[in-house]
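Here are some exercises to help you find your way around a new structure. Try each one with the model open, then read the solution.

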Amino acid sequence: MADELLIRNGVVYDPINGVKGEKKDICIRDGKVVDSVTNPKVIDAEGRVVMPGGVDIHAHIAGGKVNAGRIMRPEDERKGVEPKTKVCRAQSGYSVPNTFATGYRYARMGYTFVMEAAMPPLAARHTHEEMIDIPILDNAALPLIDNNWMTMEYVKSGDMDLLAAYMAWIIKATKGFGVKIVNPGGTEAWAWGKNCDLNDSVPYFDVTPAEIIKGLAVANEKFDMPHSIHVHTNMLGHPGNFEVTKDTYDLVKGVKASKDRQVIHTTHTQFHSYGGTNWGNFESKADAIADYINQNDHATIDIGSVILGDTTTMTADGPMEYSLYQITGRKWTNHDVELETGSGITPFLYSGKVSVHTIQWAIGQELALLVKDPWKVALTTDHPNAGPFIGYPIIISHLMSKKRRDESAEDMHKAIFDRAALPSIDREYDLNEIAIITRGMTAKALGLHEHGKGHLGVGADADVAIYDMSPEERDAGKIQKAFLNTKYTIKAGEIVVKDGEVVATPPGRTIFVTPECDDKLTDEMMVTLKDKFAKYYSVTLNNYPVQDAYLPNPYEIKAPWRS
Amino acid sequence: MVEITDVVCSLCGCVCDDIVLEVENNKVVKVKRGACSVGKSKLLGHERIKSPMIRENGELKECSYDEAIKKSAEILYKSRRPLLYGWSSTVCEADKVGVELTEDLGAVMDNTASVCHGPSVLAIQDVGLPSCTLGEVKNRADLVIYWGANPAQAHANHMKRYSYVSKGYWTAEGKKGKKLVVVDVRKTMTAKMADVFVQVEQGQDYPVFSALRAILQGHEDVVPDKVGGVPKEQLLELANMVKEAKFVMTFFGMGVTHTGARHNNIVNAIQFTRAAHLHTKASIMPLRGHYNVAGINQVCTWETGFPFAIEMARGYAWYNPGELSATDLLYRGDCDAAMIIASDPGAHFPGESLKHLAKIPVIQIDPYANPTTEFADVVIPVAVSGIEAEGNVYRMDNIPIRLRKILDTDYLPDEEILERILTEVRALREKEGE
């Protein structure tokens, strides 16, 4: 087997290195991009579009609630069955595919890294067990650290150093990547059947969600963390919530990032850009959110764009899922997790005949089109919440074609013309901008560009997507088709997809971060933590941390203490 | 002598993980703390299958691991429709190899949930499951309901560690600050501890749930004077307790999954929880039996999309409980070989199903002899997970915990046996040039 590979004559889009559609060869040796090769296997890309492997900043692909979604929905599993092949395991599932299908389908779209967006610390082993079973993709997971009693108690006492020590411990114990925040305070309140707005007091804990977010942002920046806090803001899905979203950005405006990146990333921002006061006058406020992002440099977003059709919603935002289930009356699973977090799951159908869904559909795209600098925006569907990840090519084709958007809007509820801005936006993305929102920006926002992801510079991971299209292609249907199944996907120098078929399934690596905290601080924090385990947890402290056996292919990023 | 702490029990779905043992000369000599009497007995160890065996002329004859593994592979490879059943008393790592073997053989795979909380799974597929972790119950629940379950005898540490008797953040007084309701057809040991014992007529759980739902949704006028043997006053009292509680927790067992309306009972139990949620916080959880029955459901689902009763003959997973559940398959005589791992259908399956199982070639993989051994054709003893082998398991609330290896052994772990069988099956196929 050749260890060298040469991708010849491709038109390369490598935005991190400023390469915007240049005819260029890519040399690969031992899984890395190199300057030159001597005796390579040659792939003739023949003027096709070449990009670094895609980097997904936010998707729910592994763990307790994903699997609870599968268990609850055999009808979804049956939708996506594909028989095993010589190299592939059997596949199931559409909105919640089985682990094997997850790896294959992402790889076929040219993706090579996916961030699992919400890992309940107590169930972290489950997330890792599933990630072991996701072939091809490198991965990482964000532990939930915001509704944790330890977090809220330190936020209340104002001891940011001890909060940082706890944050470091929980990221290490879960082999996690960074700080995930989901409806801070609201999920703890949900354990009593309640919810919290940004400045409400969390029942029994006497802190506000605003204080939790600010505290965790400060704690995060005490280390050289590759990623900022990753926030699902309060009041998801509520009409008029765009004010909460803007207020959340303002909370951390004064916090200084420890690295050259944002201080806050808000996720699936589509769900948080709503105007109006009820479902009757519900409207898009994507313009207000985009204005804020355009005027400020400390915040980035991913869009969480809607894919029309049936899907399975799932989030640690327990009260939100309950509200959704009350609207639809469909099945509903809830799973509150002691001292830490919760989750809810319910199926949902996004219909272009319904005014609210149509406006939601418009908002995700408006965010991408109204934020001027693509380095502040990532393409997501909050898989599977706004739609399954295999819908990404649909969104790409819409962002690249005003004509496509107009055609889609014609078939949808007329509310799109008076309560959304999409039909009036002329901007069309070019391929360089698509490359930014699907790999360049996401790798940078996660700090993974320093670890070989999201670009094709010398030393980068040899993760490459070759799309079967010319850079001149303007037909939206052809663009969509090309982005769904690559001509080639190369992962760490190995061809894993050829002509849209998976041809090899090497295991992915799990990237985890080790925040390095002072021993004295850790010892002080441990006194409180040990008490929590002795009195309130249902497992022992010694059985809690994720053992090394759960990361057969680990990649560690150290995050030294800064201040 | 060495003291070992944080030992994880591999007996029931409670998966107690704070056990303290004393080990001397590679033997557990004392269980100092943490285990219930049944768990203690398992940890102290009892008689094992000594050697791999193959049945010849009606007698099990000792053989080597190699011979038993080879024979097993031959049986499975020759079979047109093998059934691979059990999987609940072993670790997820072994279960994963089981799914791969199923896929390779195009076999039927089913697990013990099929004859246990399978109806609960069907109910979850109908309406979902509002639930929580056991620590949530411990810290918050002020009303605990056990319905068709007798944890005092079946899950002996459950009340002490997680529910009625335990002390937590908002429940610092333990059972003094809580109410216990037991619903059952007879006054069990658990019922004797209850503040309220509701005696329901055999098979009448469904209408009792319906009556409670009606009351909680403001329709008490439609409830007759007596429902399923329960007086209306008691139902009103129970509904009132639900409304006044801050956190209501319902645990249910085989007493509801396998009587009367079966899975519809559980649908109604979950609907009762949803109705309670209109007034307060309410959760519900099946009391899972084997220590990793939740785990095989998890593994089977993330790898195939479905939790039990699947067939891989089509190349992808086909799910159809009732057709592919082990008892039904055997009852119809629709499989021609079986591998039984980490379970004992010999003791638990209906007679008509067992008749067929006794006729076909059976491979048994288990540390201990049991009624299934009596008709098994190949018997492969293994290391005891949680004592001699490590691995991941899921507690009844789906919390993953890693079993520890405490003692050394010459017995091979389940995972390795299965991997070797899979390798042999593939070798056979290659040999025949398929």
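The exercises below work through a predicted model, one region at a time.

**Exercise 1. A strand between two chains**

Task: Work out which strands pair with S16(A), and in which sense each pair runs.

Solution:
- Start inside chain A. S16(A), residues 333-336, is joined by 2 bridges to strand S17 (residues 344-350) of chain A, and the two run antiparallel. To pin this down, look at Thr333(A): its bridge partner in S17(A) is Ile345(A).
- Now cross over to chain B. Here 3 bridges link S16(A) to strand S8 (residues 130-132) of chain B, this time running parallel. Opposite His335(A) you'll find Ser131(B), while Asp336(A) has Cys132(B) as its bridge partner.
- Some background helps here: strands of a sheet pair through backbone hydrogen bonds, either parallel or antiparallel.

Task: Are the faces of S16(A) covered or open?

Solution:
- In a regular strand the side chains alternate between the two faces of the sheet.
- One side of S16(A) carries Thr333(A) and His335(A), and the other carries Asn334(A) and Asp336(A).
- Each of these four residues is buried, so both faces are covered, taking buried to mean 20 or more other C-beta atoms within 10 Å.

**Exercise 2. Where chain A touches chain B**

Task: Describe the side of chain A that touches chain B.

Solution:
- Count first: 45 residues of chain A are in contact with 52 residues of chain B.
- Next, ask which elements contribute. In chain A, helix H1 (64-72), helix H2 (74-79), helix H4 (124-132) and S16 each supply at least two residues. H1(A) gives the largest share, 5 residues.
- Finally, sort this side of chain A by class: 16 residues are nonpolar, 17 polar and 12 charged.

**Exercise 3. One histidine up close**

Task: Why does His232(A) count as buried?

Solution:
- Place the residue: His232(A) sits in strand S10 (residues 229-232) of chain A.
- Count its neighbours: His232(A) has 29 C-beta neighbours inside 10 Å. The cut-off for buried is 20 or more, so His232(A) passes.
- See who is around it. Setting aside neighbours within four places in sequence, the contacts of His232(A) are Ile181(A), Val182(A), Asn183(A), Thr267(A), His268(A) and Asp317(A).

**Exercise 4. Two helices of chain A**

Task: Check whether the span of H6(A) agrees with what its residue count predicts.

Solution:
- Helix H6 of chain A covers residues 160-173, which makes 14 residues, and at 1.5 Å a residue these should span 20 Å.
- The end C-alpha atoms of H6(A) are 20 Å apart, so the two values agree.
- For its surroundings, note that H6(A) has buried residues including Leu162(A), Tyr166(A) and Ile170(A). The buried residues of H6(A) pack against strand S8 (138-143), helix H5 (149-157), helix H8 (209-220), strand S23 (510-515) and helix H18 (519-535) of chain A.
- After H6(A) comes Lys175(A), with a positive phi near 50°.

Task: How many residues of H3(A) are buried?

Solution:
- For helix H3 (residues 99-108) of chain A, the tally is 10 of its 10 residues. Among them are Phe100(A), Tyr104(A) and Arg108(A).
- The buried residues of H3(A) pack against strand S7 (111-119), H4, strand S20 (488-491), strand S21 (494-498) and strand S22 (501-502) of chain A, together with H13 of chain B.
- Following H3(A) is Gly110(A), whose phi is positive, near 90°.

**Exercise 5. The sheet and domains of chain B**

Task: Trace the 9-strand open sheet of chain B and find its edge strands.

Solution:
- The strand order is S5-S4-S20-S19-S18-S6-S7-S16-S17 (chain B), with mixed pairing.
- The edges are strand S5 (59-62) and strand S17 (318-319) of chain B, each pairing on one side only.
- At the S17(B) end, 2 bridges pair S17(B) with strand S16 (residues 310-311) of chain B in the antiparallel sense. There, Glu311(B) stands opposite Trp318(B).
- Add a helix: H13(B), residues 293-304, lies across strand S7 (108-111) and S16 of chain B, at about 145° to S7(B).

Task: Which domains make up chain B?

Solution:
- The division is domain 1 (2-42), domain 2 (49-115 + 291-431) and domain 3 (118-286).
- The C-alpha centres of domain 1 and domain 2 of chain B lie 26 Å apart, and the contact takes 14 residues from each of these two domains.

Methods: Residues numbered from 1 in each chain as written. Chains lettered and ligands numbered in written order. Predicted model: local features only at pLDDT ≥ 70, side-chain atom pairs only at ≥ 80, totals over all residues. Buried ≥ 20, exposed ≤ 12 C-beta atoms within 10 Å, placed from the backbone. Pairing = 2+ DSSP bridges. Contact = placed C-beta atoms within 7 Å. Nonpolar A, V, L, I, M, F, W, Y, C, P; charged D, E, K, R; others polar. Domains from an automatic or database assignment. Expected span 1.5 Å × (residues − 1). Axes fitted to C-alpha atoms, helices over the stretch in contact; angles between N-to-C directions.
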